[in-house]
Amino acid sequence: MALDRALVGRSYPPSAVYEVGRAKIAEFATAVGDPSPLYRDAEAARAAGHPDVIAPPTFAIVVSLEAAMVVLDDPDVAIDYGRVVHGEQRFAHHRPIRAGDRLIATTTIDAARTVAGNDLLTARVDLATEDGEAVCTATSMLVARA
Amino acid sequence: MSAVVRLADVEVGTELPEQRYRITRADLVRYAGASGDFNPIHWNERVATEVGLPGVIAHGMFTMALAGRAVTGWTGDPAALVEFQVRFGRPVVVPDDDAGAELTVRGTVAALLDEGRVRVDLAVGSAGEKVLSLARAVVRLA
């Protein structure tokens, strides 16, 4: 079934708050094998000008990919979840995510098209603090193969 | 921590040090837990082959994270990475042995942008095949 182009521009209600914890950042940094002290040591992070430990550049996916799932739950989005693979990923960091951030994710459909039977859906997730400070824009292109 | 690489040190064509990362099944299990992506194609051979894959494959986002390490390790400052994008071209198959798979990441400065920003194009391969395409990072250097 082809994706309806009228979906482009559709935005979903903001997510619940995701509170970024130091332990979660350290766990993620260890999982990707990155030894940087900026991910683990608040003193080292402060010495580098950050208020607290910062997160590795791809940590945003922990928050953004779950937020993007709101699109696949939309009954108007005729995509078979079981066929979905991750096609592309892009991050634009306005500033590093850091421990203590209380993030809200807002998801918007940036593109929807069907090419050779494959459904391509681009979900943009804007991560901002509760106070409205823009932190990261994470854009995921999901592919449902024919 | 200040950036190891300064804007004055780079020009179009500057190459990043090549990085090689080993990926084992244990790494995939650890990444699944840390990221929350428990798709069984990243840890279960039976499920992976049932959906037509050659075997268990690495999370695309894990591969992207390793490519990112090559960039942040070069700049010395993870906060310098302001934009990062990849297309997941080919899966990285991770065999069930101690050697696992090897990922090779090379990077080249492709363009000098405004405001101290520098575009780095990445070549990311495994077992002789390119696994990421359109892999680019933009870093802001002092």
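Which residue of chain B forms a salt bridge with A:Glu88? The legends below, drawn from a predicted model, begin with the whole interface and then turn to this pair.

**View 1. The interface of chain A and chain B in the predicted model.** In this view, 29 residues of chain A are in contact with 24 residues of chain B. Between the two chains an area of about 2200 Å² is buried, and carbon and sulfur atoms give 63% of that area.

**View 2. The salt bridge between A:Glu88 and B:Arg87.** B:Arg87 is the partner of A:Glu88, with the closest N and O atoms 3.0 Å apart. The rule finds one salt bridge across the interface of chain A and chain B. It also finds eight residue pairs in polar contact there, both residues being at pLDDT 80 or more.

**View 3. The side of chain A that touches chain B.** Helix H1 (22-31), helix H3 (60-72) and strand S2 (84-93) of chain A each supply at least two residues to this side. The most comes from S2(A), with eight residues. Sorted by class, this side of chain A holds 15 nonpolar, nine polar and five charged residues.

**View 4. The pairing of S2(A) with strand S2 of chain B.** Strand S2 of chain B comprises residues 81-88. S2(A) and S2(B) pair in the antiparallel sense, over five bridges. Within this view, A:Phe91 stands opposite B:Phe84, a residue of S2(B).

Conventions:
Residues are numbered from 1 along each chain as its sequence is written. Chains are lettered from A and ligands numbered from 1 in the order in which they are written. This is a predicted model: local features need pLDDT of at least 70, side-chain atom pairs count only at pLDDT 80 or more; totals for chains, interfaces and linings use all residues. Side-chain values use heavy atoms; hydrogens and water are left out. Contact means heavy atoms within 4.5 Å. Buried area is the accessible area (1.4 Å probe) that two parts lose on being put together, summed over both. A salt bridge is a side-chain nitrogen of Lys or Arg within 4 Å of a carboxyl oxygen of Asp or Glu. A polar contact is a pair of N or O atoms within 3.5 Å; within protein, one must be able to donate a hydrogen and the other to accept it, and residues adjacent in sequence count only if both atoms are side-chain atoms. Helices (H or I, at least four residues) and strands (E, at least two) are DSSP runs, numbered from the N terminus. Ala, Val, Leu, Ile, Met, Phe, Trp, Tyr, Cys and Pro count as nonpolar, Asp, Glu, Lys and Arg as charged, and the others, Gly among them, as polar. Two strands pair if DSSP finds at least two bridges between them.
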